[in-house]
Amino acid sequence: MELKKGLYHFLAILTVTIWGATFVSTKILINNGLSPNEIFFYRFLIAYAGIWFVSPRRLFADNWRDELMMACAGLFGGSLYFLTENTALGITQASNVSFLLCGTPILTTVLIKLFFKGEKIGRMVYIGSSVALAGVAMVVFDGATTLRISPLGDFLTLAAALSWGFYNIFIRKLESRYDTVLISRKVFFYGLVTILPTFIYNPPHPAVLLSSGTAVWFSLLFLAVMASLVCFVLWNLVIKHIGVVKSSNYLYLNPVITCITSAIVLGEKITPVAVTGALCIMAGVWLSSRPRK
């Protein structure tokens with residue numbers, strides 16, 4: 001049993017590692033003229049087409065309430081999350097976005113306490129979260145002399161963090177009654193549906209994508225196949241087996257992965273402060289993941 005639990009913890013780390021590396025791919029697509037809503041639409045469209053090969057063929061949930069929850073999961077974990085996050089990146093500092101998004105595990109814990117009254121959360125979760133968040137601050141703000149407050153950008157970032165928290169709640173409510181792959185397919189579908197209204201004021205430009213080079217297509221396929229199709233299924237599976245709170249705490253590793261990826265791909269320097277912060281994050285995640293006594 002412990003070995004099986006360990007597998008799901010490994011899958012959580014693997015998923016977060018892939019998500020942490022998406023920064024570079026998204027940046028390549030934006031630099032080549034693709035808008036945030038267009039990037040989201042293409043990656044979810046490819047993921048949705050791909051998941052049909054392995055998904056159960058049923059079209060609807062058992063009842064309209066469950067179907068509505070799946071639609072909400074697609075909205076909060078798909079279109080709303082990515083729109084608020086990417087829009088915030090264009091308004092406020094990237095360091096602000098990285099730091100505030102790491103408040104997602106804390107917000108998720110609060111939501112779990114609100115929506116699941118019988119849920120017991122151990123003291124080590126709070127201690128581990130505090131240690132990890134301190135580490136995140138070291139990694140994100142390393143070398144920054146000032147923290148610039150951007151009310152709109154920071155608000156959108158917090159909205160993104162809260163949106164992902166609600167996504168986890170909906171998955172938690174659905175995972176005991178539905179197949180993980182089916183839930184992921186519905187999330188992709190409703191994510192696509194809810195992003196469509198944004199094309200009224202910011203229409204897609206498929207000609208830009210069609211005329212793009214190998215780097216753009218590779219980045220898009222990485223986002224669609226690995227970061228969306230594979231990772232959403234794995235994340236929903238992880239939530240099912242180790243719980244929302246423990247799985248969410250692995251999101252603290254995102255800045256560490258982004259830092260390492262940026263150093264390898266973009267040649268950015270890793271400083272002693274960043275290394276210390278990374279160690280704090282890993283220690284905090286380990287504390288949060290320990291079995292409650």
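How does the distance between the end C-alpha atoms of α3 agree with the span that its 16 residues should have? The sections below address this question and then turn to other parts of the structure, which is a predicted model.

## Helix α3

At 1.5 Å a residue, the 16 residues of α3 should span 22 Å. The end C-alpha atoms of this helix are 22 Å apart, so the two values agree.

Many positions in α3 are listed as buried: N37, E38, I39, F40, F41, Y42, R43, F44, A47, Y48 and I51. The elements that cover these buried residues include α2 (22-31), α4, α9, α10 (206-210) and α11 (214-242).

## The loop after α3

Between α3 (36-51) and α4 (64-89) runs a loop, and R57 has its place there. R57 counts as exposed because its relative accessibility is 54%, and the cut-off for that class is over 50%.

Beyond its neighbours within four places in sequence, R57 is in contact with W52 and R185. Two backbone oxygens also lie beside polar atoms of the R57 side chain: that of W52 at 2.5 Å and that of S55 at 2.7 Å. R57 can further be related to L182: the two residues are 125 residues apart in sequence, while their C-alpha atoms are 8.5 Å apart in space.

## Helix α9 and T180

Helix α9 comprises residues 180-195, and T180 belongs to it. With a relative accessible area of 8%, T180 is buried, because burial is set at under 20%.

When residues up to four places away in sequence are not counted, T180 touches V233, N236, L237 and K240.

## The largest nonpolar core

The largest nonpolar core holds 80 residues. Within this core, the residues that touch the most other members are W19, W164, Y167, F188, F232 and W235. Helix α11 provides the largest share of the core, with 14 residues.

W164 illustrates these contacts. Leaving out residues up to four places away in sequence, W164 touches W19, F76, G77, Y81, T104, F232, W235 and L251.

## Cysteines and disulfides

What does a search of the whole structure find in the way of disulfides? The search finds zero.

Two cysteines may be described by their accessibility. C231 has a relative accessible area of 0% and is therefore buried. C280, with a relative accessible area of 22%, is partly exposed.

Note on methods. Residues numbered from 1 in each chain as written. Predicted model: local features only at pLDDT ≥ 70, side-chain atom pairs only at ≥ 80, totals over all residues. Heavy atoms only, no water. Helix = DSSP H or I, 4+ residues; strand = E, 2+ residues; numbered from the N terminus. Buried < 20%, exposed > 50% of the residue type's maximum accessible area, 1.4 Å probe, protein only. Contact = heavy atoms within 4.5 Å. Polar contact = N/O pair within 3.5 Å; in protein donor to acceptor, adjacent residues only side chain to side chain. Expected span 1.5 Å × (residues − 1). Disulfide = S-S within 2.5 Å. Core = buried A, V, L, I, M, F, W, Y, C linked by side-chain atoms within 4.5 Å.
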